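User: Hey, can you walk me through the charges and rings in this one? I'm new to this, so keep it simple.

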Amino acid sequence: MITQFRNATADDALFIARGFHMAMLYDDVSEEQIRNFAQNICVREDVLYSWCNTIIAEIDGQCAGMLTAYDGRYYHDMRMRTMRLVKQHLGVEFPGMEDEAVAGEYYLDSLAVMPEYRGRGIGRQLLKRGIETGGALGLDVTLAVDPINDRAKRLYRSLGFNPSGTLFIFGHDYEKMIITKGRKDKKL
């Protein structure tokens, strides 16, 4: 088993769409909706869930996991554009949503590992790559986690993330976590 990492391409849009829905725990989404999301959102370069913002983990040439992450200074404009497309193509909107990221932050947005590849450290490796990228840019690294997802919070804490308030996103309250630039609580 050889794990390799690469930047996504537009050809990965369907995998990214599946990963996004998996990360958001949207289990009741049809294959048609996932394809629609890929064709109308993930193939674009100017949206949150773009192939341009995604790293792919491959095992023996097969897509095993993904991390979508980006500089927070672009978040607001990308969110507005993305949410218009989500409403237009999927008929879903999220009123009252806060900005998940701001200037000075590198935001780890969506992390997913395909079920058959879980338990092999792929998610941890993708997160480390995101942390390293944010650090290289001189930015705080942030993410949001469901407050009842204790397993994910343990993983994030083990990588150096600390609680940093709450966010109202996608109709729910999430816990924001942060690694402040220049401070690494745990050795990666």
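Analyst: Sure, we can go through salt bridges, then a charged patch, then aromatic rings.
Analyst: This is a predicted model, where local features need pLDDT of at least 70, side-chain atom pairs count only at pLDDT 80 or more, and totals for chains, interfaces and linings use all residues. Residues are numbered from 1 along each chain as its sequence is written, and side-chain values use heavy atoms, with hydrogens and water left out.

User: Ok, how many salt bridges does the structure hold?
Analyst: There are 11 salt bridges. The term stands for a side-chain nitrogen of Lys or Arg within 4 Å of a carboxyl oxygen of Asp or Glu.

User: Which residue does Asp46 form a salt bridge with?
Analyst: Its partner is Arg81, with 3.5 Å between the closest N and O atoms. That pair links distant parts of the chain, 35 residues apart: Asp46 is in the loop between α2 (31-42) and β2 (54-59), and Arg81 is in helix α3 (residues 75-90). Helices (H or I, at least four residues) and strands (E, at least two) are DSSP runs, numbered from the N terminus.

User: Is Asp46 buried or exposed?
Analyst: Neither: Asp46 counts as partly exposed because its relative accessibility is 27%. Arg81 also counts as partly exposed, at 25%. Buried means under 20% relative accessible area, exposed means over 50%, and partly exposed is in between (1.4 Å probe, protein chains only).

User: And what about Arg73 and Asp71?
Analyst: Their side chains meet in a salt bridge, at 3.0 Å from N to O. Arg73 is exposed, since its relative accessibility is 55%, whereas Asp71 is buried at 13%.

User: Where do Asp150 and Lys153 lie?
Analyst: Both are in helix α5, three residues apart, which is about one turn of the helix. They form a salt bridge too, with the closest N and O atoms 3.9 Å apart. Asp150 is partly exposed at 42%, while Lys153 is buried at 9%.

User: Which residues are linked in a network of salt bridges?
Analyst: Arg6, Asp12 and Glu58 are.

User: New topic! Which residues gather in the patch of positive charge?
Analyst: Arg118, Arg151, Arg154 and Arg157 gather there, on the surface. Patches are made of residues with over 30% relative accessible area and no salt bridge, joining like charges within 9 Å and nonpolar side chains (Val, Leu, Ile, Met, Phe, Trp, Tyr) within 5 Å. One of the four, Arg151, is placed in helix α5 (residues 150-158), and Arg151 counts as exposed because its relative accessibility is 65%.

User: Cool. Now the rings: how many aromatic pairs are there in the whole structure?
Analyst: A search finds seven aromatic pairs. Rings of Phe, Tyr and Trp (its six-membered ring) pair if their centres lie within 6.5 Å; planes under 30 degrees apart are stacked, over 60 edge-to-face, and the rest tilted. Tyr70 and Tyr75 are a stacked pair, 6.2 Å centre to centre with 20 degrees between the planes. Tyr70 and Tyr75 are both buried.

User: Why is the pair of Tyr75 and Tyr107 edge-to-face?
Analyst: Because their planes sit at 70 degrees, with the ring centres 6.5 Å apart. Tyr75 is in helix α3 and Tyr107 in strand β4 (residues 105-113), so the pair ties together parts that are 32 residues apart in sequence. Tyr75 is buried at 0% relative accessible area, and Tyr107 is buried at 1%.

User: Which residues form an aromatic cluster?
Analyst: Phe20, Phe37 and Tyr49 form one.

Definitions and conventions: Accessible areas come from the Shrake-Rupley method with a 1.4 Å probe; for residues, only the protein chains shown count as cover. Lys and Arg count as positive and Asp and Glu as negative; His and the chain ends are not counted. The place of a charge is taken as NZ of Lys, CZ of Arg, CG of Asp or CD of Glu.
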